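Me: I have a structure open in front of me and would like to learn how to read it. Could you take me through it step by step?

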Amino acid sequence: MPAKLSTADIRYHIANDLTLEQAKDLQNWLADHLAALERQAEEWLPPTANQVMATRRLGKSCLLLEGVKCGKENCRCASGKLHGPYWYEYWREGSRVRKRYHGKQIRS
Ligand SMILES: [Zn+2]
């Protein structure tokens, strides 16, 4: 398998190895690809083990209204009466998923 190309490598090949026709073809393909990536970003659902009761989009964040289990054996939540529900905000930073607790209401 070839080593992973950097964007500088890719730009170098595009600048040096492509005909005008190939560059136009690549431009069209890239426009479609970008649209697909943007749709994917909009449809992204953050990972959670909690029960999700509602979702909201807020800019680059996704907010989930979650019913939460605290983990205590004798708690009411162990038999399905979950805590909350509480809002949690999730967003991506590079490959990491960040999370922020909001509570019963979405805070700004
Ligand atoms: Zn509990």
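**Reading the layout**

Reply: Happy to! Keep in mind that this is a predicted model. Start with the domains: the centres of domain 1 and domain 2, taken over C-alpha atoms, are separated by 38 Å. Domain 1 covers residues 7-41 and domain 2 covers 46-103.

Me: What radius of gyration does the chain have, and what would a compact globule have?

Reply: The chain has 22 Å, whereas a compact globule of 108 residues would be near 13 Å. Along the principal axes, the C-alpha atoms fill a box of roughly 70 × 30 × 20 Å.

Me: How many of the residues are buried?

Reply: To count as buried, a residue needs 20 or more other C-beta atoms within 10 Å of its own. In this chain, 5% of the 108 residues are buried. Strand E4, residues 96-103, has zero buried residues among its eight.

Me: Which pattern does the chain follow along the sequence?

Reply: Read that way, the pattern is α-α-β-β-β-β, from two helices and four strands.

Me: How do E3 and E4 run, and how many bridges join them?

Reply: A general idea helps with strands: in a regular one, side chains alternate between the two faces of the sheet. Here, E3 (residues 83-93) and E4 run antiparallel and are joined by seven bridges. For one pair to find on screen, look at Glu 89, whose bridge partner in E4 is Arg 100.

Me: What lies between E3 and E4?

Reply: Two residues, and the strands form a hairpin. In the turn, Gly 94 has a positive phi of about 60 degrees.

Terms used. Residues numbered from 1 in each chain as written. Predicted model: local features only at pLDDT ≥ 70, side-chain atom pairs only at ≥ 80, totals over all residues. Domains from an automatic or database assignment. Buried ≥ 20, exposed ≤ 12 C-beta atoms within 10 Å, placed from the backbone. Pairing = 2+ DSSP bridges. Rg over C-alpha atoms; globule rule 2.2 N^0.38 Å.
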